[in-house]
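Let's take a walk through this protein, one feature at a time. Keep the 3D view open and look for each residue as it comes up.

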Amino acid sequence: MSDLTLADLSKKMAEIDFAILSTRTEGGEIAGRPMSNNGDVAYQGDSYFFALDSTRTVADIARDPKVGLSFTGSKGLLGAPPIFIVIEGRAELIREKPSFEAHWNKDLEFWFEDGVDTPGLVLIRVHASRIHYWNGRDEGEIRV
């Protein structure tokens, strides 16, 4: 078992832009989709993602806020496996513009051309309850 701290994981996550956000659909199936972490990489147990209110992602979270996140780092040194991070948590849907501004990154305008004024914009906050990671041959778990 490895002893990475939340601060250690934050440094490693800073190098990973996309996560897979998994939700439970209306029919009970698991649905996953890639989401950018918006440059919010000072990880303290919360992850932030933007979506549109009309998406299945938002509908799934409104129905069942229990979600999963998975991150995969780039290849390790000398061909070693990358770091893998799996997070279990609860999602919250935020619709207040000041919160959008606090987590906005100009690169997001690729998807949301009107920036924080995009109609139907929603900020998804995922608060971790359990984090499991594999870092080469080391693995560990952090409860948040």
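## Strands side by side

In this predicted model, strand S4 (residues 66–72) and strand S5 (residues 83–94) run antiparallel and are joined by seven bridges. To find your bearings, look for Thr72, which stands opposite Phe84 in S5.

S5 has another partner too: 12 bridges join S5 to strand S6 (residues 121–135), and this pair is also antiparallel. Here you can spot Val86 standing opposite His132 in S6.

## Rings that meet

Now for the aromatic side chains. There are six aromatic pairs to find. Take Phe50 and Trp104: their ring centres are 5.0 Å apart and their planes sit at 75 degrees, so this pair is edge-to-face. Phe50 belongs to strand S3 (residues 46–52) while Trp104 is in the loop between H3 and S6, so the pair ties together parts that are 54 residues apart in sequence.

Is Phe50 buried or exposed? Its relative accessible area is 6%, and anything under 20% counts as buried, so Phe50 is buried. Phe50 also has more company, as one aromatic cluster is formed by Phe50, Phe100, Trp104 and Phe112.

## Charges that pair up

Side chains of opposite charge can pair when their charged atoms come close. The structure has 11 salt bridges. In one of them, Asp60 pairs with Arg33, with the closest N and O atoms 3.6 Å apart. That links distant parts of the chain, since Asp60 is in helix H2 and Arg33 is in strand S2 (residues 30–36), 27 residues away. Both partners are buried: Asp60 has 2% relative accessibility, and Arg33 has 13%. These two also belong to a network of salt bridges that links Arg33, Arg56, Asp60 and Arg63.

Another salt bridge joins Arg125 to Asp46, where the closest N and O atoms are 3.3 Å apart. Arg125 is in strand S6 and Asp46 in strand S3, so parts 79 residues apart in sequence are tied together. Arg125 is partly exposed, at 22% relative accessibility.

## Inside and outside

Go back to helix H2 (residues 56–63) and find Thr57 there. Thr57 is buried, with a relative accessible area of 8%. Which residues is Thr57 in contact with, leaving aside neighbours within four places in sequence? They are Leu21, Thr23, Arg33 and Ile124.

For a contrast, try Phe110, in the loop between helix H3 (97–103) and S6. Phe110 counts as exposed, at 66% relative accessibility. Together with Phe18 and Trp111, Phe110 makes a nonpolar surface patch of about 390 Å².

Key: Residues are numbered from 1 along each chain as its sequence is written. This is a predicted model: local features need pLDDT of at least 70, side-chain atom pairs count only at pLDDT 80 or more; totals for chains, interfaces and linings use all residues. Side-chain values use heavy atoms; hydrogens and water are left out. Two strands pair if DSSP finds at least two bridges between them. Helices (H or I, at least four residues) and strands (E, at least two) are DSSP runs, numbered from the N terminus. Patches are made of residues with over 30% relative accessible area and no salt bridge: like charges are joined within 9 Å, nonpolar side chains (Val, Leu, Ile, Met, Phe, Trp, Tyr) within 5 Å. Accessible areas come from the Shrake-Rupley method with a 1.4 Å probe; for residues, only the protein chains shown count as cover. A salt bridge is a side-chain nitrogen of Lys or Arg within 4 Å of a carboxyl oxygen of Asp or Glu. Buried means under 20% relative accessible area, exposed over 50%, partly exposed in between (1.4 Å probe, protein chains only). Contact means heavy atoms within 4.5 Å. Rings of Phe, Tyr and Trp (its six-membered ring) pair if their centres lie within 6.5 Å; planes under 30 degrees apart count as stacked, over 60 as edge-to-face and the rest as tilted.
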